[in-house]
Amino acid sequence: MKSDKEHYFLKLNPPRPSFTVDMSDEERTVMLKHVAYWAPYVEDGTVIVLGPVMDPKGGYGMAVLAVDNEKQLNELVANDPANGLNTYEIFSMRAVTKQK
């Protein structure tokens with residue numbers, strides 16, 4: 001179905017391949033803030049799916065977002081508490097979603 005939203009796939013790359021199993025207490029605090037930051041956007045439908053990917057080569061985070069424009073996307077990513085500890089790769093996509 002056609003959507004008025006722009007969709008993006010976000011890959012959150014950790015600082016090292018073993019990050020998901022050996023993060024420090026300080027890093028864990030940042031990641032808990034990261035999860036809390038995105039929670040309202042999951043609730044309002046801006047984030048379609050969000051979570052860690054358990055890749056055997058090294059875990060990473062992913063999300064699919066539905067935003068009004070690239071400016072909104074950039075603001076969301078820039079304000080993520082995990083941005084800096086981790087790095088983002090962002091790809092535009094053509095998502096097929098259920099219309100409300």
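Student: Why is Asp55 called partly exposed?
Tutor: Asp55 has a relative accessible area of 27%. Buried means under 20%, exposed means over 50%, and partly exposed is what lies in between, with a 1.4 Å probe and protein chains only. The 27% of Asp55 falls in between, so Asp55 is partly exposed.

Student: What should I know about the model itself?
Tutor: This is a predicted model, in which local features need pLDDT of at least 70 and side-chain atom pairs count only at pLDDT 80 or more, while totals for chains, interfaces and linings use all residues. Residues are numbered from 1 along each chain as its sequence is written, and side-chain values use heavy atoms, with hydrogens and water left out.

Student: Where does Asp55 lie?
Tutor: Asp55 is in the loop between E2 and E3. The letters come from DSSP runs: helices are H or I with at least four residues, strands are E with at least two, and both are numbered from the N terminus. The C-alpha atoms of Asp55 and Pro17 are 9.6 Å apart, although 38 residues separate the two along the chain.

Student: What makes Pro56 count as exposed?
Tutor: Pro56 has a relative accessible area of 84%. That value is over 50%, so Pro56 is exposed. Pro56 is also placed in the loop between E2 and E3. Its C-alpha atom is separated by 9.9 Å from that of Ser18, 38 residues away along the chain.

Student: Buried, exposed or partly exposed: which is Ser18?
Tutor: Ser18 is at 27% relative accessibility and therefore counts as partly exposed. Ser18 is in the loop between E1 and helix H1 (19–22). From Ser18 to Val53, 35 residues apart along the chain, the C-alpha separation is 13 Å.

Student: How do you know that E2 and E3 pair?
Tutor: Two strands pair if DSSP finds at least two bridges between them. Strand E2 (residues 47–53) and strand E3 (residues 60–67) have six bridges and run antiparallel, so the condition is met. One bridge joins Pro52 to Gly61 in E3. The hairpin of E2 and E3 has six residues between the strands, and Gly58 there takes a positive phi near 145°.

Student: Which strands pair with E1?
Tutor: Seven bridges join strand E1 (residues 6–13) to E3 in an antiparallel arrangement, with Glu6 opposite Val67. E1 also pairs with strand E4 (residues 87–93), antiparallel and over seven bridges. In that pairing Asn13 stands opposite Thr87.

Student: What does Tyr60 touch, leaving aside neighbours within four places in sequence?
Tutor: Contact means heavy atoms within 4.5 Å. On that basis Tyr60, in strand E3, is in contact with Lys11, Leu12, Pro14, Gly51, Pro52, Val53 and Asp55. Between Tyr60 and Ala82, 22 residues apart along the chain, the C-alpha separation is 12 Å.

Student: Why is His34 called buried?
Tutor: His34 has 9% relative accessibility, which is under 20%, so the residue is buried. His34 lies in helix H2 (residues 25–43). Not counting residues up to four places away in sequence, His34 touches Leu12, Asp80, Pro81, Ala82 and Tyr88.

Student: And why is Glu27 called buried?
Tutor: The relative accessible area of Glu27 is 13%, again under 20%, so Glu27 is buried. Glu27 is in helix H2 too. With residues up to four places away in sequence not counted, Glu27 touches Pro15, Arg16, Phe19, Asp22 and Leu85.

Student: How many helices and strands are there?
Tutor: The protein has three helices and four strands. From the N terminus on, they run β-α-α-β-β-α-β.

Student: How do you know that the radius of gyration agrees with a compact globule?
Tutor: The radius of gyration is taken over C-alpha atoms, and the globule rule is 2.2 Å times the number of residues to the power 0.38. For 100 residues that gives a value near 13 Å; the protein has 14 Å, which agrees. The C-alpha trace spans about 40 × 25 × 20 Å along its principal axes.

Student: What share of the 100 residues is buried?
Tutor: Buried residues make up 34% of them. Among contacts between residues at least 6 apart in sequence, 68% join residues at least 24 apart.
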